[in-house]
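Here are two short exercises to work through with the model open beside you. Try each task before you read its solution.

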Amino acid sequence: MVRLEGCKGSVGVFDSGVGGISVLKALVRELPGEDFAFYGDSAHNPYGEKRPEEVLALSQDIVGGLLDSGCKAVVIACNTATSAAAARLREDYPKTPIIGVEPALKPAALSQPNGRVLVLATPLTVRLDKFQRLLRTWEGESHVIAVPCEGLAARIERGDLHAPDLYELLERLVGPYAGSVDAVVLGCTHYPFVREQLEQILGDVPFFDSADGTARQLRRRLAQSHLLSERTSGGKVRFFSSSQDDPAELELYRSFFELA
């Protein structure tokens, strides 16, 4: 099980790797007085191409470790892990605020009545019931096109986000929709890191992700549970990785945090 030092009273945040750092940055903006412990499971990424039971087992191990390390709440900064594990984790820890993320389809659909909304997500997120229910709820408002972006999260994990091979991958995945969609939902927390490249391919359309909404929800849940820090600034952010034998991994996390 995960064991982290110096995390007592922190908000634990986890993802399969660097993607959740896009959410972490929004959390820090919303709650600058809170301490955060970010755990990237880079040794097992990407989650979006695993079986649901694998993602559940990995998520249970991480959350158990975060809470044993003294974290007061947990943010699942991963769309796939939220879909596969959030309900079970809330059953396992009913007294702990556990906040997940989901594709920002609702605001995108409401902003573009009868428009074409492109949802980019991992293959597993697209397959799971949670996303399918979300799709059925909002596809009457807009024409929703779900694109399972196989390989994209894993490629973003490698960094070098302006390399030709990454642009070629994006072109293959979303190029056919250029000029034909009215909004884009970034349904994986990795994808905001390539928003600039996506804009080059898809054109001047609004993009939606769940980071800011997740941050507001964390504030509400901490307040409801009387766990909200009284500080308004000065919170610390610590980074941890399951690839603990690779110091370059933590440096990569810090670089993505600066980029977000």
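**Exercise 1.** Find how far helix H10 reaches from its first C-alpha to its last, and where its buried residues lie around the axis.

*Solution.* Step 1: H10 spans residues 211-224, 14 residues in total (a helix is a DSSP run of H or I with at least four residues, a strand a run of E with at least two, both numbered from the N terminus). This is a predicted model, in which local features need pLDDT of at least 70, side-chain atom pairs count only at pLDDT 80 or more, and totals for chains, interfaces and linings use all residues. Residues are numbered from 1 along each chain as its sequence is written, and side-chain values use heavy atoms, leaving out hydrogens and water.

Step 2: H10 reaches 20 Å, close to the 20 Å expected at 1.5 Å a residue (1.5 Å times one less than the number of residues).

Step 3: Ala-211, Thr-214, Ala-215, Leu-218 and Leu-222 are the buried residues of H10 (under 20% relative accessible area, with a 1.4 Å probe and protein chains only). They lie on the same side of H10, because they cover an arc of only 100° around the axis, taken from the directions from the axis to the C-beta atoms.

**Exercise 2.** Decide whether Asp-35 is buried or exposed, and find what its side chain reaches.

*Solution.* Step 1: Asp-35 sits in the loop between helix H1 (21-30) and strand S2 (36-40).

Step 2: Asp-35 has 16% relative accessibility, so it counts as buried.

Step 3: Its side chain reaches the backbone nitrogen of Lys-236 at 2.7 Å.

Technical notes: Buried < 20%, exposed > 50% of the residue type's maximum accessible area, 1.4 Å probe, protein only. Polar contact = N/O pair within 3.5 Å; in protein donor to acceptor, adjacent residues only side chain to side chain.
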